[in-house]
Amino acid sequence: MSAAGVALVLGGAGALLGLAAGSAQAAEVSFATHCVPPAGIAPVDGTTKVEVTAPATAKVGDTVTVVWKFAQAASKNPDIIDLPANSVQPSGTLKAAGAQAAAIAMQGARENPAIPKGAAMVLSDMKGTLKLTTPGEVTLTPDAYTVNAMSTDTKCTPTETVQKAATIEVSPGGGGSSSTTPDPTGSASQSASPSASAPGTSDPSASASDGTGSDQSDFTGKQVDIPYTCQSPIGEKKATSPIQINARKSGGSFGLTVKFKKSVMDSPADIPKGSVKPSMEVVLGGADKGTVHVEGPTNAKDIKSGDPIEIPDLTGTYKPGADGSSTLSPGVLTINALGTTTTCKPDRTAVSLTLDTSAQASGASGGSSSTSGGGTSSSSSSGGLAQTGSDDHGALKALGLVAGTAVLLGAAVFTFMPGRRAR
């Protein structure tokens with residue numbers, strides 16, 4: 001036999017030995033897919049190409065790892081805005097059938113190169129596990145998947161029968177029990193979860209200290225849970241934020257400090273320092289009318305992807321415009337981030353602080369008070385959207401993208417994703 005023939009025989013034997021030992025096997029399948037981006041962006045019909053890797057053989061009782069590799073996602077990054085590195089994360093479901101039926105939860109890492117607008121989406125490999133319970137042939141078939149980018153989801157679903165992508169030959173083994181398909185660590189979609197139902201009304205008398213004592217200078221508000229709704233081209237987001245308004249009297253005016261009582265979401269992407277700036281319109285009621293603009297500093301340090309984001313104290317000056325008992329309630333939230341502006345409107349508000357006030361020249365009654373930084377708002381006491389220049393939905397739409405947008409780096413920073421712990 002020639003040397004080439006010997007090599008072929010040895011190579012074939014090696015392959016057979018590898019198969020008997022359960023070596024990995026992979027196959028690529030493609031299927032027509034319908035993808036639904038966040039609201040404001042048209043659905044996309046395209047082709048998904050997937051390669052699934054799994055052991056060729058295994059025994060009952062084994063827990064096997066399967067890998068879903070994207071050769072091609074069904075949709076591209078729209079020709080609107082660049083996606084930063086490490087801002088996109090896929091998740092999905094792989095169906096097991098044949099000797100054993102199961103839905104295997106698949107999860108990828110939030111790892112990707114920068115994706116220019118109009119370029120193909122680059123998605124990380126997804127992994128999942130399956131405990132084998134029954135001898136026989138188990139087939140693996142890709143199913144629906146979700147692309148999460150900077151806190152928004154694009155959901156993709158097959159529109160035709162998908163061919164199996166891999167097969168595992170399961171031999172009798174050490175007695176497995178029921179099938180399990182544990183979720184991989186982490187979550188592909190960080191959805192907002194309200195901390196508590198906000199009260200529909202609030203009794204001002206139940207608010208924190210008022211200003212009846214002439215010697216009192218510091219007034220502490222009570223914590224109130226305020227539900228917010230943010231509208232943008234990439235969908236509606238809701239969350240409840242616990243907020244407290246405190247005041248310090250100086251002459252006839254009050255220095256206000258608005259505190260957020262929870263830490264916030266982990267950053268969905270790297271955010272450079274000086275690029276996120278929050279503000280709020282505090283709503284006046286009771287004797288006084290109008291709003292008071294308060295704002296916080298920009299982030300002093302770079303925020304790495306996965307690190308927690310916290311909202312700094314928001315400060316401003318309240319100059320009363322009326323004599324009597326005046327109430328202060330959280331109002332519209334505004335975030336400037338990476339050159340964009342977005343606003344979030346409270347579904348309902350509640351009084352955090354009640355003060356005894358005396359009218360000052362050019363005070364707030366019926367209008368607004370300026371912050372020490374010079375900002376104002378034309379929002380009324382009803383808590384409506386402040387005129388920030390971002391109520392033009394056409395302009396906002398230009399900032400949307402199929403799986404995430406810089407707009408959300410504002411609103412999602414603290415409104416969309418309540419944090420993991422209290423300060």
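A disulfide is a pair of cysteine sulfur atoms within 2.5 Å. Keep that cut-off in mind for this predicted model, where the rule gives a count of one disulfide.

## The disulfide

Which cysteines make the link? Cys 35 and Cys 156 do, with their sulfur atoms 2.2 Å apart. Since the cut-off is 2.5 Å, the pair at 2.2 Å qualifies. The torsion about the S-S bond comes to 115°, and that makes the link of Cys 35 and Cys 156 right-handed.

Cys 35 sits in strand 1 and Cys 156 in strand 9 (residues 152-158), so the disulfide ties together parts that are 121 residues apart in sequence. Are the two cysteines buried or exposed? Buried means under 20% relative accessible area. Cys 35 comes out at 1%, so it counts as buried, and Cys 156 is also at 1%, so it is buried too.

## The chain as a whole

Stepping back, the chain has three helices and 24 strands. It holds 423 residues, and 47% of them count as buried. Take the contacts between residues at least 6 apart in sequence: 76% of those join residues at least 24 apart. As for the surface, the chain exposes about 17,900 Å², and carbon and sulfur atoms supply 52% of that area.

## Two nonpolar cores

In general terms, nonpolar side chains in soluble globular proteins tend to be buried together. Here the largest nonpolar core has 39 residues, and Leu 140 and Ile 168 are the ones with the most contacts inside it. Several strands give two or more residues to this core, among them strand 1 (24-36), strand 2 (44-55), strand 4 (63-72), strand 5 (88-98) and strand 10 (166-171). Which strand gives the most? That's strand 8, with five residues. There is also a second, separate core of 27 residues, including Ile 243, Met 280, Cys 344 and Leu 353.

## An aromatic cluster between strands 4 and 8

A search of the whole structure turns up five aromatic pairs. Two of them share Tyr 145. Trp 68 and Tyr 145 meet edge-to-face, 6.0 Å centre to centre with 70° between the planes. That pair links distant parts of the chain, with Trp 68 in strand 4 and Tyr 145 in strand 8, 77 residues apart. Trp 68 has a relative accessible area of 0%, so it is buried, and Tyr 145 at 2% counts as buried as well.

Phe 70 and Tyr 145 are also edge-to-face, this time 5.1 Å centre to centre with 65° between the planes. Phe 70 lies in strand 4 and Tyr 145 in strand 8, so the pair ties together parts that are 75 residues apart in sequence. Phe 70 is buried, like Tyr 145. Put together, Trp 68, Phe 70 and Tyr 145 form one aromatic cluster.

## How the strands pair

Here are four of the strand pairings.

| Strands | Sense | Bridges |
|---|---|---|
| Strand 5 and strand 8 | antiparallel | ten bridges |
| Strand 5 and strand 6 | antiparallel | six bridges |
| Strand 16 and strand 17 | antiparallel | six bridges |
| Strand 17 and strand 23 | parallel | three bridges |

Strand 5 appears in two of these rows. Toward strand 8, Leu 94 has Pro 142 as its bridge partner. On the strand 6 side, Lys 95 stands opposite Ala 103. How many residues make up the hairpin that joins strand 5 to strand 6? Three residues do the job.

Now for strand 17, which spans residues 290-295. It's mostly covered, with five of its six residues buried. Strand 16 covers residues 276-286 and runs antiparallel to strand 17. Between these two, Ser 279 has Glu 295 in strand 17 as its bridge partner, and a hairpin of three residues joins strand 16 to strand 17. The pairing with strand 23 (residues 367-369) is parallel, and there Thr 291 is bridged to Ser 368 in strand 23.

Note on methods
Residues are numbered from 1 along each chain as its sequence is written. This is a predicted model: local features need pLDDT of at least 70, side-chain atom pairs count only at pLDDT 80 or more; totals for chains, interfaces and linings use all residues. Side-chain values use heavy atoms; hydrogens and water are left out. Helices (H or I, at least four residues) and strands (E, at least two) are DSSP runs, numbered from the N terminus. Buried means under 20% relative accessible area, exposed over 50%, partly exposed in between (1.4 Å probe, protein chains only). Contact means heavy atoms within 4.5 Å. Accessible areas come from the Shrake-Rupley method with a 1.4 Å probe; for residues, only the protein chains shown count as cover. Two strands pair if DSSP finds at least two bridges between them. A nonpolar core is a set of buried Ala, Val, Leu, Ile, Met, Phe, Trp, Tyr and Cys residues joined through side-chain atoms within 4.5 Å. Rings of Phe, Tyr and Trp (its six-membered ring) pair if their centres lie within 6.5 Å; planes under 30 degrees apart count as stacked, over 60 as edge-to-face and the rest as tilted.
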